[in-house]
Amino acid sequence: MDKQGKLNRLYTDLTEHFDALYAPDHKIFVFGDGSPASAIVLIGEAPGEQETLLGKPFVGKAGKNLDEFLDITGLHRPDLFITNVVKFRPVKISDKGRASNRPPTREEISLFRPYLLEELSIIAPKIIVTLGNVPLHAMTNDTTPISSVHGQPLLCAPGTVFPLYHPASIIYNRALKETYLDDLQKLKEYISINKITSP
Ligand code: URA
């Protein structure tokens, strides 16, 4: 079976598992997007509202924000496979019944982690770029703070990880912007020195 076939099978298993686990809720799952032959995988935290509406990770405002940063590295969507740790939108409901995003819980992360590891082992990328603490911790399987490892390659069990801050954190913390731009340059250099290209 080719990589896409294996991914489709994995996503079917995931859907059956979580549909049974969260019944009677019907979660909307957002799976990885891009060519499974990609040499570079980007991992975010979890989909937001736009992602569940369009069925792809990092679309809408978060996607535009990510694309602007990617431009700096010379990478573009067709070069990448993009996915999230948690494959449904974690929401909290206000007193007025309005849904808004919340960070995924530790339990949700650990339930999805085996599926993420399998996704990575099918794709077998040359580098895994994590965006923020949630995907970083899913790779390291510990709580190494991103502030101590961002912008440098890290050897982890699933492969070589290049930790970046989450692009949304730059919006909330402008002081991080210089650091983030610096890290993107380092990623660009790493990709070029190691001749990492997607077919
Ligand atoms: N959209 C995603 O798909 N993932 C994130 O982490 C943020 C926005």
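Trainee: Where does Pro 24 lie?

Mentor: Pro 24 sits in the loop between helix 1 and strand 1. Keep in mind that this is a predicted model, with everything below computed from it.

Trainee: And what kind of peptide bond joins Ala 23 and Pro 24?

Mentor: General idea to start with: most peptide bonds are trans. Here, Ala 23 and Pro 24 are joined by a cis bond, with omega at about 10°.

Trainee: Okay, on to phi. Which sign does phi have at Ala 124?

Mentor: Most residues other than glycine have a negative phi. Ala 124 has a positive one, about 50°, although it is not a glycine. You'll find Ala 124 in the loop between helix 4 (106-123) and strand 6.

Trainee: Is Ala 124 buried or exposed?

Mentor: For that you need the cut-offs: buried means under 20% relative accessible area, exposed over 50%, and partly exposed is in between. Ala 124 has 52%, so it counts as exposed.

Trainee: What about Lys 195, what is its phi?

Mentor: Lys 195 also isn't a glycine, and its phi is positive, about 50°. Lys 195 lies in the segment after helix 8 (177-193). With a relative accessibility of 68%, Lys 195 is classed as exposed.

Trainee: Let's do the sheet. In what order do its strands come?

Mentor: When you read a sheet, go across it and note who sits beside whom. This one is open, has 6 strands in the order 1-3-2-6-8-7, and its pairing is mixed. At the edges are strand 1 (33-34) and strand 7 (154-156), each of which pairs on one side only.

Trainee: How many bridges link strand 2 to strand 3, and in which sense do they pair?

Mentor: Strand 2 pairs with strand 3 (residues 80-84) in the parallel sense, over 5 bridges. If you want a pair to click on, Leu 42 has Ile 82 in strand 3 as its bridge partner.

Trainee: And how many bridges does strand 2 make with strand 6?

Mentor: There are 4 bridges between strand 2 and strand 6 (residues 127-131), again parallel. Ile 43 is partnered with Thr 130 in strand 6.

Trainee: How many residues of strand 2 are buried?

Mentor: The trick is to count the buried residues and then look at each face in turn. In strand 2 (residues 40-44), 5 of the 5 residues are buried, so the strand is largely enclosed by the rest of the structure. Both faces are covered: Ile 40, Leu 42 and Gly 44 are buried on one side, Val 41 and Ile 43 on the other.

Trainee: Going further across, how do strand 6 and strand 8 pair?

Mentor: They're parallel, over 4 bridges. Val 129 has Phe 162 in strand 8 as its bridge partner. Strand 8 is mostly covered too, with 6 of its 6 residues buried.

Trainee: Do strand 7 and strand 8 run parallel or antiparallel?

Mentor: Antiparallel: 3 bridges join strand 7 to strand 8 (residues 159-164). A hairpin through 2 residues connects them. Look for Cys 156, which stands opposite Gly 159 in strand 8.

Trainee: Switching to charge, which residues gather in a patch of positive charge on the surface?

Mentor: For a charge patch, look for like charges that cluster on the surface. In this model the patch of positive charge is formed by Lys 3, Lys 6, Arg 9 and Lys 126. Arg 9 belongs to helix 1 (residues 3-22).

Trainee: Is Thr 15 exposed or partly exposed?

Mentor: Thr 15 is another helix 1 residue. Its relative accessibility is 24%, so it counts as partly exposed.

Trainee: How far apart are Thr 15 and Phe 29 in sequence and in space?

Mentor: It helps to check both kinds of separation. Thr 15 and Phe 29 are 14 residues apart in sequence and 7.5 Å apart in space, C-alpha to C-alpha. For another pair, try Asp 2 and Gly 44: 42 residues apart in sequence and 25 Å apart in space, again C-alpha to C-alpha.

Trainee: Where is Asp 2 found?

Mentor: Asp 2 is in the segment before helix 1. At 54% relative accessibility, Asp 2 counts as exposed.

Methods. Residues numbered from 1 in each chain as written. Predicted model: local features only at pLDDT ≥ 70, side-chain atom pairs only at ≥ 80, totals over all residues. Heavy atoms only, no water. Patch = residues over 30% accessible without salt bridge, like charges linked within 9 Å, V, L, I, M, F, W, Y side chains within 5 Å. Areas by Shrake-Rupley, 256 points an atom, 1.4 Å probe, with all protein chains shown as cover. Salt bridge = Lys/Arg side-chain N within 4 Å of Asp/Glu carboxyl O. Lys, Arg positive; Asp, Glu negative; His and termini not counted. Charge placed at Lys NZ, Arg CZ, Asp CG, Glu CD. Pairing = 2+ DSSP bridges. Buried < 20%, exposed > 50% of the residue type's maximum accessible area, 1.4 Å probe, protein only.
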